[in-house]
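Reader: Hey, can you walk me through this model? I'll keep my questions short.

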Amino acid sequence: ALLLRLLQDTGSAPILVFTKTKHKAKRVADQLTRAGFSSASLQGNLSQNKRDQAMSGFRSGKFQVLVATDIAARGIDVNNISHIINYDIPATAETYIHRIGRTGRAEKSGEAYTLVTGEDKRIVRDIEKSLGKPIEKRMLADFDYKKGGATQVTIESAPPQNQKPPQAGENSRPKSAGKPRRKRFRGFGRNNAR
C-alpha cells in the first residue's frame with residue numbers, strides 16, 4: 001500500500017525499486033503492473049535476452065518502474081532516474097549508498113526512499129553512523145499505517161552529484177512519504193552517494 005502511494009506521488013519519471021530477492025522483485029513488478037504502472041523486473045531468473053529487454057524498456061520509457069535486485073542492477077546506468085525506492089532495506093551501508101547513488105546524476109536532483117520495519121533499526125543506525133549524521137524520518141499524515149502494517153517513514157532529497165551536500169541549517173526540501181507494511185525510511189539527505 002505504501003509503495004503504491006509513493007509511486008502515485010512521484011509523477012511519471014523513471015523509478016528504480018530495489019528488493020532483496022529475485023522472487024520478490026518479480027512479485028512486486030507483477031503487482032505494480034496489475035495496479036496500472038508500466039513496470040518490469042530485473043533479476044537473476046531472467047534470461048540475458050529478457051534482462052536486455054527490461055533495461056532497454058526502462059531506458060526508453062516503455063517501463064516507468066524497474067524492480068531490481070542488487071546483483072541484477074549492477075550494470076544499470078540510467079541518467080534520468082528521479083526516485084530510488086528501497087522496498088527492502090539493504091544489508092549494509094555500502095549497498096545503501098550504492099543504491100541511492102543511482103539518482104541525482106548528470107546535474108539532476110533525485111530522491112531516495114527506504115521502507116523500514118522495526119527489525120531494521122540496527123542497519124539504520126549503521127547507515128547513519130557511516131554517513132556521520134542522522135537520517136530524517138517522516139510519516140504521511142493521511143496514510144493508515146496500522147492497516148498497512150507500517151510505523152514510520154523517512155525521506156530525503158539527493159542533490160545533483162556534482163553539488164556539495166547542504167551545510168547545517170540549509171533547506172533540503174524533503175517530501176513526505178508513507179509506508180506499506182514497513183516503516184518508510186527515506187534516503188540519505190542530500191549526500192553525494194555513488
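Reader: Let's jump in at K137: which residue does K137 form a salt bridge with?

Author: K137 forms a salt bridge with E128, and the closest N and O atoms are 2.5 Å apart. A salt bridge here is a side-chain nitrogen of Lys or Arg within 4 Å of a carboxyl oxygen of Asp or Glu.

Reader: What kind of model is this, before I go on?

Author: It's a predicted model, where local features need pLDDT of at least 70, side-chain atom pairs count only at pLDDT 80 or more, and totals for chains, interfaces and linings use all residues. Residues are numbered from 1 along each chain as its sequence is written, and side-chain values use heavy atoms, with hydrogens and water left out.

Reader: Back to that pair. Is E128 buried or exposed?

Author: E128 is buried, with a relative accessible area of 15%. K137 is partly exposed, at 35%. The cut-offs are under 20% relative accessible area for buried, over 50% for exposed, and partly exposed in between (1.4 Å probe, protein chains only).

Reader: Which other residues of α5 are buried?

Author: Helix α5 covers residues 121–131, and its buried residues are I123, V124, I127 and E128. They fall within an arc of 140° seen down the axis of α5, so they line one face of the helix. That arc is taken from the directions from the helix axis to the C-beta atoms. Helices (H or I, at least four residues) and strands (E, at least two) are DSSP runs, numbered from the N terminus.

Reader: Why would residues at that kind of spacing share a face?

Author: An α-helix has 3.6 residues a turn, so residues three or four places apart point the same way.

Reader: And what's exposed on the other side of α5?

Author: R125 and K129 are exposed there. After the helix comes G132, which has a positive phi, near 80°.

Reader: What does I123 touch, leaving aside its sequence neighbours?

Author: Beyond its neighbours within four places in sequence, I123 is in contact with I89, P90, A91, T92 and A93. Contact means heavy atoms within 4.5 Å. I123 has a relative accessible area of 5%, which makes it buried. Its C-alpha atom is 8.1 Å from that of I89, and the two residues are 34 apart along the chain.

Reader: OK, A93 is in α4, right by the look of it. How do α4 and α5 pack?

Author: α4 is residues 93–100, and α4 and α5 pack at an angle of about 70°, with their axes 9 Å apart. The two helices are therefore roughly perpendicular to each other. For that label, angles under 35 degrees count as roughly parallel, over 145 as roughly antiparallel, 65 to 115 as roughly perpendicular and the rest as oblique. The axes are lines fitted to C-alpha atoms, for helices over the stretch in contact, and angles run from 0 to 180 degrees between N-to-C directions.

Reader: Which residues meet there?

Author: From α4, A93, Y96 and I97 meet I123, D126, I127, S130 and L131 of α5. Sorted by class, the contact has six nonpolar, one polar and one charged residues. Ala, Val, Leu, Ile, Met, Phe, Trp, Tyr, Cys and Pro count as nonpolar, Asp, Glu, Lys and Arg as charged, and the others, Gly among them, as polar.

Reader: Back to salt bridges. How many does the structure hold?

Author: Six. One of them joins R99 and D70, with the closest N and O atoms 2.8 Å apart. R99 lies in α4 and D70 in the loop between β3 (65–68) and β4 (83–86), so the pair ties together parts that are 29 residues apart in sequence. R99 is buried at 0% relative accessible area, while D70 is partly exposed at 24%.

Reader: Where do K26 and D30 lie?

Author: Both are in helix α2 (residues 22–34), four residues apart, about one turn of the helix. Their side chains meet in a salt bridge at 3.0 Å, N to O. K26 is partly exposed at 44% relative accessibility, and D30 is partly exposed too, at 31%.

Reader: New topic: what is P14 in contact with?

Author: Apart from neighbours within four places in sequence, P14 is in contact with F58, Q64, N80, I81, S82 and H83. P14 sits in the loop between α1 (2–8) and β1 (15–18), and at 13% relative accessibility it counts as buried.

Reader: Last one: how many helices and strands does the protein have?

Author: Six helices and eight strands. Of the 194 residues in the protein, 52% are buried.
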